[in-house]
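Open the model in your viewer and show it as a cartoon. The stops below say what to select next and what is there.

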Amino acid sequence: AMAARFGFALACRRASGLAGGASRWGASSLATLPSPPPPAAAALGATGVPPRIDATLLNSPMSAPGFDWGSVSPNSLERLGDAVYTMKARTLLFWPPLLPKDYAQRCMQLVRAETQALGLERLRAAGFEFTAAEQNWLRRGRNSAGLPPPRLRRSQSSNLYRQAAGFECLLGFLFLTDQVRLDLVLSHFFGALDLATLESCLEDIKSDTDE
């Protein structure tokens, strides 16, 4: 799990470098990324053999062939996608270390609906191609978005919230079906964002929606 976490962060940093711009996740910070620690001996047990896990506890009807995804609520996928996105964003900012206040502020910037809508717009502008199934979940999540927070209840701002809801719905779907594709989408998404200019971009969005 630790290796996968750092592998995801590395992929995002590489995508950010390819996107150009003076991103905080540029190649200059890669040298400071620590190597993941070896598996703890205690996790292998006294015999050195991994403990047996009851696979039935991890079974899901969604993994069965022919599962009817049309019966799945987009709102449920959106909530799952929100958790997935938050975890990935916090992982991305985990290293190099930041002061707790700065870490919390950067994380808060990344998980805002305005940031997600901006990243999705830039992702499309860069020519990233979503599959037909992904486009479907983006649309379903957008159309089923609930009531936005008070700051986004103006007509133009509410569209940002719907775009973000669609993106989180897609992330929830990919988390359950294809985590390799999930990391690919997010690496390109974070690569399209430039943290150095993100705060000013969010201020521009706020100014536009307040008019």
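At what angle do helix α4 and helix α7 pack, and how far apart are their axes? Select residues 113–125 for α4 and residues 179–192 for α7. In this predicted model, the two helices pack at an angle of about 100 degrees, and their axes are 8 Å apart. Angles from 65 to 115 degrees count as roughly perpendicular, so α4 is roughly perpendicular to α7.

Now show the side chains where these two helices meet. On the α4 side, select Thr115, Gln116, Gly119, Leu120, Arg122 and Leu123. Their partners in α7 are Val185, His188, Phe189 and Ala192. Sorted by class, the contact between α4 and α7 consists of 5 nonpolar, 4 polar and 1 charged residues.

**The whole fold**

Zoom out and colour by secondary structure. The protein has 8 helices and 0 strands, and along the sequence the pattern reads α-α-α-α-α-α-α-α. Of the 211 residues in the protein, 37% are buried. Among contacts with a separation of 6 or more, 76% are between residues 24 or more positions apart.

**Aromatic rings**

Next, show the aromatic side chains. How many aromatic pairs does a search of the whole structure find? The search finds 10.

Begin with Tyr85 and Phe189, whose rings form an edge-to-face pair, 5.8 Å centre to centre with 80 degrees between the planes. Tyr85 belongs to helix α2 (residues 74–92) and Phe189 to helix α7, so this pair ties together parts that are 104 residues apart in sequence. Both Tyr85 and Phe189 are buried. Phe189 also appeared at the earlier stop, as one of the α7 residues that meet α4.

Move on to Phe128 and Phe130. The centres of their rings are 5.1 Å apart and the planes lie at 70 degrees, so this pair, too, is edge-to-face. Phe128 and Phe130 are both buried.

For the last aromatic stop, select Phe67, Trp69, Trp137 and Phe173 together; these residues form one aromatic cluster.

**Leu174**

Select Leu174, which is found in helix α6 (residues 155–177). Is Leu174 buried or exposed? Its relative accessible area is 3%, below the 20% cut-off, so Leu174 is buried. Leaving out residues up to four places away in sequence, Leu174 touches Glu134, Gln179, Arg181, Leu182 and Val185. Val185 is also among the α7 residues that meet α4. Then add Gly81 to the selection: Gly81 and Leu174 are 93 residues apart in sequence, while their C-alpha atoms are 8.6 Å apart in space.

**Arg106**

Go to helix α3 (residues 100–110) and pick Arg106. With a relative accessible area of 27%, Arg106 is partly exposed. Measure from its C-alpha atom to that of Ala89, a residue 17 positions away along the chain; the separation is 9.2 Å.

**Cysteines**

Finish with Cys107 and Cys169. Cys107 has a relative accessible area of 2% and is buried. Cys169 is buried as well, at 0% relative accessibility. How many disulfides does the structure hold? The count is 0.

Definitions and conventions. Residues numbered from 1 in each chain as written. Heavy atoms only, no water. Axes fitted to C-alpha atoms, helices over the stretch in contact; angles between N-to-C directions. Helix = DSSP H or I, 4+ residues; strand = E, 2+ residues; numbered from the N terminus. Parallel < 35°, antiparallel > 145°, perpendicular 65-115°, else oblique. Contact = heavy atoms within 4.5 Å. Nonpolar A, V, L, I, M, F, W, Y, C, P; charged D, E, K, R; others polar. Disulfide = S-S within 2.5 Å. Buried < 20%, exposed > 50% of the residue type's maximum accessible area, 1.4 Å probe, protein only. Phe/Tyr/Trp six-rings, centres within 6.5 Å; stacked < 30°, edge-to-face > 60°.
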